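Look at the sequence and the model together, and keep both in view while reading. The paragraphs below go from single residues to the ligands and back to the backbone.

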Amino acid sequence: MTVTDLGLPSLVRPTTPAPADGPLIDTYGRAATDLRVSLTDRCNLRCTYCMPAEGLDWMRGEELLTVEELTRLVRIAVTRLGITRVRFTGGEPLVAKRLEDIIAATAALAPRPEIALTTNGIGLDRRAAGLKQAGLDRINVSLDTVDRERFIHITRRDRLADVLAGLAAAHEAGLRPVKVNAVLDPTTGIDDAVALLRFCIEHDYQLRIIEQMPLDAGHAWSRGAALSADEILAALQQHFTLTPDPKPRGSAPAELWLVDGGPATVGVIASVSHAFCSACDRTRLTADGQVRSCLFSREETDLRGLMRSGADDDAVEAAWRAAMWAKPAGHGINDPDFVQPDRPMSAIGG
Ligand code: SAM
Ligand code: SF4
């Protein structure tokens with residue numbers, strides 16, 4: 001699916017102002033109910049498809065939202081904008097300050113949103129129970145291979161054992177489902193996918209394989225090199241019987257397959273080859289307080305500046321609504337004039 005499936009070219013600018021209340025909608029009629037909050041751009045891994053080996057020019061302390069600013073924005077999103085699901089991410093959210101406090105503050109909101117975390121799992125073994133206690137409902141742990149040497153090659157760190165311990169602790173803490181997010185290496189990814197699926201079935205984790213997107217800091221992504229969802233599925237089908245999951249997909253990005261008749265499933269997220277922009281229900285907040293209507297936005301709305309200039313909740317709400325009203329039809333990766341955003345994935349929040 002490309003952006004033209006929405007019947008409009010991308011980047012059509014809205015000519016009327018955003019509605020002052022009701023759902024957080026854009027000019028194409030999509031309502032955002034899922035907020036992704038990046039808590040930091042820092043990370044203790046250096047995944048090749050995300051960060052350069054030397055790391056990045058990290059955001060400075062005063063650039064980051066304070067915990068109070070952040071929880072204020074989450075409150076506005078939930079109580080005024082109709083957000084029903086909040087996912088904390090990064091960078092690595094487990095290295096952000098006061099994650100448990102932020103989760104507890106989010107869990108105290110009415111109506112209480114569903115609260116999820118996307119993490120690389122390092123340190124999760126010690127914190128999973130506390131996170132669950134604070135109000136975390138669901139977790140996605142990123143893991144691209146269960147082979148130690150390949151893990152080192154992909155993440156540039158020897159931390160596979162920590163991630164596996166984190167996954168086990170999340171399961172032990174009762175977080176359900178425990179999902180595993182995998183971005184496959186173009187050369188070894190097919191073998192990795194088969195081993196990962198076996199590992200996930202054995203441990204009662206749900207595997208989600210994500211097509212690699214042009215969001216790497218080095219701008220080295222190339223369409224031909226990355227594995228497509230179709231290639232991944234064809235390879236898995238050599239080892240497993242995959243049948244479409246009959247449950248309705250809704251706005252979920254993953255196309256789900258029952259493995260060997262179920263109940264185990266595997267999901268494939270074809271963000272590039274079969275984009276699902278027409279069903280997108282997301283709004284994004286960066287660690288420095290910028291709203292992005294899309295992962296691939298080239299425009300941002302500065303809520304941190306607005307708050308620090310003394311804006312009240314009405315003004316912040318209006319600015320957020322205006323940002324989302326201008327959401328483009330689609331990410332445009334497949335358009336000839338596509339330009340990768342300046343921010344890498346780690347500074348946006350995946
Ligand atoms: N550090 C945490 C982690 O790795 O789960 C959270 C942040 S990370 C940016 C969130 C997700 O984005 C991870 O599942 C990661 O694999 C994915 N990701 C990062 N760069 C990507 C890219 N270029 N294409 C597709 N997914 C990517
Ligand atoms: Fe860190 Fe996550 Fe990016 Fe890997 S994908 S470098 S773990 S932020």
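Thr 145 counts as buried, because its relative accessibility is 1% and the limit for buried is under 20%. The model in which this value was computed is a predicted one. Thr 145 sits in the loop between strand S6 (138-142) and helix H4 (148-155). What does the side chain of Thr 145 meet there? One polar atom of that side chain lies 3.0 Å from the backbone nitrogen of Asp 147. The side chain of Thr 145 also makes a polar contact of 2.9 Å with the side chain of Asp 192. Apart from neighbours within four places in sequence, the residues in contact with Thr 145 are Arg 150, Phe 151, Ile 154, Leu 160, Asp 192 and Leu 196.

The same strand S6 that comes before this loop covers residues 138-142, and Ser 142 leads to ligand 1. An N or O atom in the side chain of Ser 142 is 2.5 Å from an oxygen atom of ligand 1. Another oxygen contact involves Asn 181, where a polar side-chain atom lies 3.4 Å from an oxygen atom of ligand 1. With Gly 91 the backbone takes part: one of its N or O atoms is 3.0 Å from a nitrogen atom of ligand 1. How much of the accessible area of ligand 1 does the protein cover? On its own, ligand 1 has 540 Å² of accessible area, and the protein covers 95% of this. Strand S5 (114-119) and strand S7 (178-183) are the elements that give two or more residues to the shell around ligand 1.

There are 17 residues around ligand 1, and those that come nearest are Tyr 49, Gly 91, Glu 92, Ser 142 and Met 213. Sorted by class, this shell has ten polar, five nonpolar and two charged residues. The surroundings of ligand 2 are made up of Cys 43, Leu 45, Cys 47, Cys 50, Met 51, Gly 91 and Asn 120. In the shell around ligand 2, five residues are nonpolar, two are polar and none is charged. Gly 91 appears in the list for ligand 2 and also among the residues nearest to ligand 1.

Now take the annotations. An unreviewed UniProt entry gives residues 27-253 as "domain: Radical SAM core". Over residues 27-253 the chain is 35% helix and 17% strand, with the end C-alpha atoms 21 Å apart. UniProt, again in an unreviewed entry, also places the feature "binding site" at Arg 36, Arg 87, Thr 118, Lys 179, Arg 282, Thr 283 and Arg 284.

Two of these annotated positions, Arg 36 and Arg 282, can be followed further. Arg 36 belongs to strand S3 (residues 34-38), and Arg 282 belongs to strand S12 (residues 282-285). Are these arginines buried or exposed? Arg 36 has a relative accessible area of 10%, so it is buried. Arg 282 is at 18% relative accessibility and therefore counts as buried too. The side chain of Arg 36 makes a polar contact of 3.2 Å with the side chain of Asp 34. Beyond four places in sequence, Arg 36 touches Arg 87, Arg 282, Thr 283, Arg 284, Leu 285 and Gly 350. Seen from the other side, the contacts of Arg 282 beyond four places in sequence include Asp 34, Arg 36, Pro 253 and Met 324.

The last topic is the backbone. Most residues other than glycine have a negative phi, and most peptide bonds are trans. Where does the model depart from this? A cis peptide bond joins Ala 110 and Pro 111, with omega about 0 degrees, and Pro 111 lies in the loop between helix H2 (99-107) and S5. The bond from Arg 176 to Pro 177 is cis as well, with omega near -10 degrees. Pro 177 is in the loop between helix H5 (160-172) and S7.

Positive phi values are found at Arg 98, near 60 degrees, and at Asp 260, near 50 degrees. Arg 98 is in the loop between strand S4 (85-89) and H2, and with a relative accessible area of 41% it is partly exposed. Asp 260 is in the loop between strand S10 (255-259) and strand S11 (265-269), and at 47% relative accessibility it counts as partly exposed.

Methods:
Residues numbered from 1 in each chain as written. Chains lettered and ligands numbered in written order. Predicted model: local features only at pLDDT ≥ 70, side-chain atom pairs only at ≥ 80, totals over all residues. Heavy atoms only, no water. Near = heavy atom within 4 Å. Nonpolar A, V, L, I, M, F, W, Y, C, P; charged D, E, K, R; others polar. UniProt positions renumbered as here; feature names shortened; annotations may be inferred. Helix = DSSP H or I, 4+ residues; strand = E, 2+ residues; numbered from the N terminus. Polar contact = N/O pair within 3.5 Å; in protein donor to acceptor, adjacent residues only side chain to side chain. Areas by Shrake-Rupley, 256 points an atom, 1.4 Å probe, with all protein chains shown as cover. Buried < 20%, exposed > 50% of the residue type's maximum accessible area, 1.4 Å probe, protein only. Contact = heavy atoms within 4.5 Å.
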